[in-house]
Amino acid sequence: MAPVYQTTASSPPWITTPCVKSLSLSASAHCEVHMKLEQFQPSGSFKSRGVGNLVWRVVQRRSQMNHGSGAKTHFISSSGGNAGLATTTAAKMLGQDATVVVPETTGKYMRNKITAAGGNVIVHGPTWREADDYVRSLVAEDPSLAYVPPFDHEDIWEGNSTIIDELYLQFGGCPPSVIVCSVGGGGLLNGIMIGLDRYNWSDAVTVIAMETEGADCLAASVREGCIVTLPEITSIARSLGIKRVSDKTWEYSQMPNVKSVVLSDAQAAMACVRLAEEENIIAEPACGVSVAACYLPVLREVVPDFCRDTKVVVILCGGSSISAETLVEYRSQYSAVMTAQL
Ligand SMILES: *Cc1c(COP(=O)(O)O)cnc(C)c1O
């Protein structure tokens, strides 16, 4: 029996999510599509696993050092997106404090969600870069603060790898043929690859790494044959808006079972609209782009030996930065462009 990820004290700040077969996605994709429902995580995205695991480990380490009687830890994140919300949610679930330093570009909608989850919000600087520099300077001055990066950390990858522990049990030890996931900085992909290795599933599973045009730093690196930093982010999929993937993600992208695919903002956005209507799920375009791979002929084109029986798991990574209003805007903005295809 392969090892299942071991937990120690207290419960982790994430849940086991259902993996549900979708009839409508299966019909569109001409194969068997299952949805791993990460939007059910306490923070609304899979980041509860990775970021949550990092937060959890810090709490465990510090409580061991203090023999369980220490002061609260104050966690600090520089992500105005789902990583900031996951940091806050995990910290609060574990009885700790959280501050999220967000750039001016982070909208009121997400700032309110972070505040509602119990986090302090500080607005600093025009972009994530300045917010992150500020967070790092605060942490350098005050070692009682715990810095939480959004994706580039082994504890984050380990947490994300629990998706595969669950799939192992949910599929009775029999691997799906394909896993579709979105890539921003690559923390999710790294976790999936680590999990596949854990069960010797790497040879059996094709991993499709989805990005949107304008947030496609992995695809650009694959094209160039070396790790590339994008000059700017132009995609609406803000949660994928990282200019450079982690070194580990670049390494994994060289493996023969990893395929990088890029779709447009319109395709990702219209997939969100269809997902809301057909599956009753609201998710960001960062998640929609993975679903779009099922609505469009992507799987047929990139999966080796594709057939009706091909078993696909789409990671519905979720995301809280999406309102009903935004979905309506997507529909009016993109439906004309997309009717023929999606
Ligand atoms: C963070 C995030 C991603 C990208 O994850 P990485 O680990 O940065 O690759 C995708 N979708 C959603 C909803 C996210 O919050």
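Tutor: Start with the labels. A helix is a DSSP run of H or I with at least four residues, a strand is a DSSP run of E with at least two, and both are numbered from the N terminus. Keep in mind that this is a predicted model.

Student: Then where is H30 placed?

Tutor: H30 sits in a loop. Helix α1 (23-29) comes before that loop, and strand β2 (32-37) comes after.

Student: How do I read backbone angles there?

Tutor: Begin with the general rule. Most residues other than glycine have a negative phi. Now the case. H30 is not a glycine, yet its phi is positive, at about 60°. D305 is another residue other than glycine with a positive phi, near 55°.

Student: Where is D305 found?

Tutor: D305 is in the loop that joins α13 (298-302) to β10 (311-316).

Student: Are these two residues buried or exposed?

Tutor: Use the cut-offs. Buried means under 20% relative accessible area, exposed means over 50%, and partly exposed is in between. H30 has 31% relative accessibility, so it counts as partly exposed. D305 has a relative accessible area of 75%, so it is exposed.

Student: Let's turn to the ligand. How many residues surround it?

Tutor: The general idea is a distance test. A residue is near the ligand if one of its heavy atoms lies within 4 Å of it. Here 16 residues surround the ligand. The closest are K47, N82, G184, G185 and G186.

Student: What is the make-up of that shell by class?

Tutor: There are seven nonpolar, eight polar and one charged residues around the ligand.

Student: How do I pick out polar contacts?

Tutor: Look for a pair of N or O atoms within 3.5 Å. N82 uses its side chain: a polar atom there lies 2.8 Å from a ligand oxygen atom. G185 uses its backbone, with an N or O atom 2.9 Å from an oxygen atom of the ligand. For G186, a backbone N or O atom is 2.7 Å from a ligand oxygen atom.

Student: How much of the ligand does the protein cover?

Tutor: On its own, the ligand has 380 Å² of accessible area, and the protein covers 97% of that.

Student: Why does the ligand lie between domains?

Tutor: Check which domains give residues to the shell. Domain 1 (19-45 + 155-340) and domain 2 (47-151) both do, so the ligand lies between them.

Student: N82 also belongs to a helix. How do I check helix geometry?

Tutor: Compare the expected span with the model. Helix α3 (residues 82-93) has 12 residues, and at 1.5 Å a residue they should span 16 Å. The end C-alpha atoms of α3 are 16 Å apart, which agrees.

Student: How many residues of α3 are buried?

Tutor: The count is 10 of 12, so α3 is largely enclosed by the rest of the structure. The buried residues include N82, G84, L85 and T89. T89 has a relative accessible area of 12%.

Student: How far is T89 from C294 in space?

Tutor: Read sequence and space separately. T89 and C294 are 205 residues apart in sequence, and their C-alpha atoms are 31 Å apart.

Student: What is the cover like on α12?

Tutor: Helix α12 has 11 of its 11 residues buried. Among them are P285, C287, S290 and C294.

Student: What is the relative accessible area of C287?

Tutor: C287, in α12 (residues 285-295), has a value of 0% and is buried. Its C-alpha atom is 19 Å from that of T106, with the two positions 181 residues apart along the chain.

Student: And where is C226 found?

Tutor: C226 is in the loop between α9 (217-224) and α10 (247-253). At 39% relative accessibility, C226 counts as partly exposed. C226 and S290 are 64 residues apart along the chain, with 24 Å between their C-alpha atoms.

Student: One last loop residue. Is S264 buried or exposed?

Tutor: S264 counts as buried, at 15% relative accessibility. Its loop runs between β9 (258-263) and α11 (265-279). The C-alpha atoms of S264 and R61 are separated by 43 Å, and the two residues are 203 apart along the chain.

Conventions
Residues are numbered from 1 along each chain as its sequence is written. This is a predicted model: local features need pLDDT of at least 70, side-chain atom pairs count only at pLDDT 80 or more; totals for chains, interfaces and linings use all residues. Side-chain values use heavy atoms; hydrogens and water are left out. A polar contact is a pair of N or O atoms within 3.5 Å; within protein, one must be able to donate a hydrogen and the other to accept it, and residues adjacent in sequence count only if both atoms are side-chain atoms. Accessible areas come from the Shrake-Rupley method with a 1.4 Å probe; for residues, only the protein chains shown count as cover. Ala, Val, Leu, Ile, Met, Phe, Trp, Tyr, Cys and Pro count as nonpolar, Asp, Glu, Lys and Arg as charged, and the others, Gly among them, as polar. Domain bounds come from an automatic or database domain assignment. The expected span of a helix is 1.5 Å times one less than its number of residues. Buried means under 20% relative accessible area, exposed over 50%, partly exposed in between (1.4 Å probe, protein chains only).
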